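The following paragraphs are intended to be read alongside the sequence and the coordinates. They begin with a single side chain and proceed outward to the chain as a whole.

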Amino acid sequence: MKRYGILDNIASPADLRGLSYEALESLCASLRAFLVDSVSRTGGHLASNLGVVELAVALEREFDSARDRIIYDVGHQSYVHKILTGRRDRFDTLRQ
């Protein structure tokens, strides 16, 4: 299984709250690498998700998505949300 640096240690949005800004930058880079690798294998919407990485990280860090509703204008911008909310291990089933 390929490793994705700091992303490998993120299991929920709560894991984001203690990260420094430098660590968050590293997380965003890891998320982009994971997205490119995953979508190149399964297909899906790459550009729209690459464009919301920092936004999704900020929203998940500042709000409680289990309680606070986060609405994306299209569903294919929600991959980062899915990854950060504990569904990364099932990402290979995307579009199946």
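In this predicted model, Arg-61 is buried yet takes part in no salt bridge. The nearest side chain of opposite charge belongs to Glu-62, at 4.5 Å, whereas a salt bridge requires the nitrogen and the carboxyl oxygen to lie within 4 Å. What, then, does the side chain of Arg-61 reach? Its partner is the backbone oxygen of Leu-19, at a distance of 3.0 Å. Arg-61 is found in helix H3, and, leaving aside residues up to four places away in sequence, it touches Leu-16, Arg-17, Leu-19, Tyr-21 and Leu-24.

Leu-24 leads to helix H1, where it is one of the buried residues. Helix H1 comprises the 22 residues 21-42. At 1.5 Å a residue, this helix should span 32 Å, and its end C-alpha atoms are 31 Å apart, which agrees with that expectation. Just after H1, Gly-43 adopts a positive phi of about 85°.

Which residues of H1 are buried? They are Ala-23, Leu-24, Leu-27, Cys-28, Ser-30, Leu-31, Phe-34, Leu-35, Asp-37, Ser-38 and Val-39. An α-helix has 3.6 residues a turn, so residues three or four places apart point the same way. This spacing can be followed along H1 through buried residues such as Leu-24, Leu-27, Leu-31, Phe-34 and Ser-38. The cover over the buried residues of H1 includes helix H2 (47-50), helix H3 (53-62) and helix H4 (79-87).

Helix H1 is also joined to helix H3 through charged side chains. Glu-54 forms a salt bridge with Arg-32, in which the closest N and O atoms are 2.8 Å apart. Because Glu-54 lies in helix H3 and Arg-32 in helix H1, the pair ties together parts that are 22 residues apart in sequence. Both residues are partly exposed: Glu-54 has a relative accessible area of 41%, and Arg-32 has a relative accessibility of 27%.

In total, the count comes to five salt bridges. Those that share partners join Arg-3, Asp-8 and Arg-88 into one network. Within this network, Asp-8 forms a salt bridge with Arg-3, with the closest N and O atoms 3.3 Å apart. Arg-88 also forms a salt bridge with Asp-8, at 2.9 Å between the closest N and O atoms. This second pair links distant parts of the chain, for Arg-88 is in the segment after H4 and Asp-8 in the segment before H1, 80 residues apart. Are the two arginines of the network buried or exposed? Arg-3 counts as exposed, at 59% relative accessibility, while Arg-88 counts as buried, at 12%.

The chain as a whole may now be considered. It contains four helices and zero strands, and from the N terminus on its elements run α-α-α-α. The radius of gyration is 12 Å, close to the 12 Å that the globule rule gives for 96 residues, so the chain is as compact as a globular protein of that length. Along the principal axes, the C-alpha atoms fill a box of roughly 30 × 30 × 20 Å. Of the 96 residues, 40% count as buried. Among contacts between residues at least 6 apart in sequence, 66% join residues at least 24 apart.

Definitions and conventions
Residues numbered from 1 in each chain as written. Predicted model: local features only at pLDDT ≥ 70, side-chain atom pairs only at ≥ 80, totals over all residues. Heavy atoms only, no water. Helix = DSSP H or I, 4+ residues; strand = E, 2+ residues; numbered from the N terminus. Expected span 1.5 Å × (residues − 1). Buried < 20%, exposed > 50% of the residue type's maximum accessible area, 1.4 Å probe, protein only. Contact = heavy atoms within 4.5 Å. Lys, Arg positive; Asp, Glu negative; His and termini not counted. Polar contact = N/O pair within 3.5 Å; in protein donor to acceptor, adjacent residues only side chain to side chain. Rg over C-alpha atoms; globule rule 2.2 N^0.38 Å.
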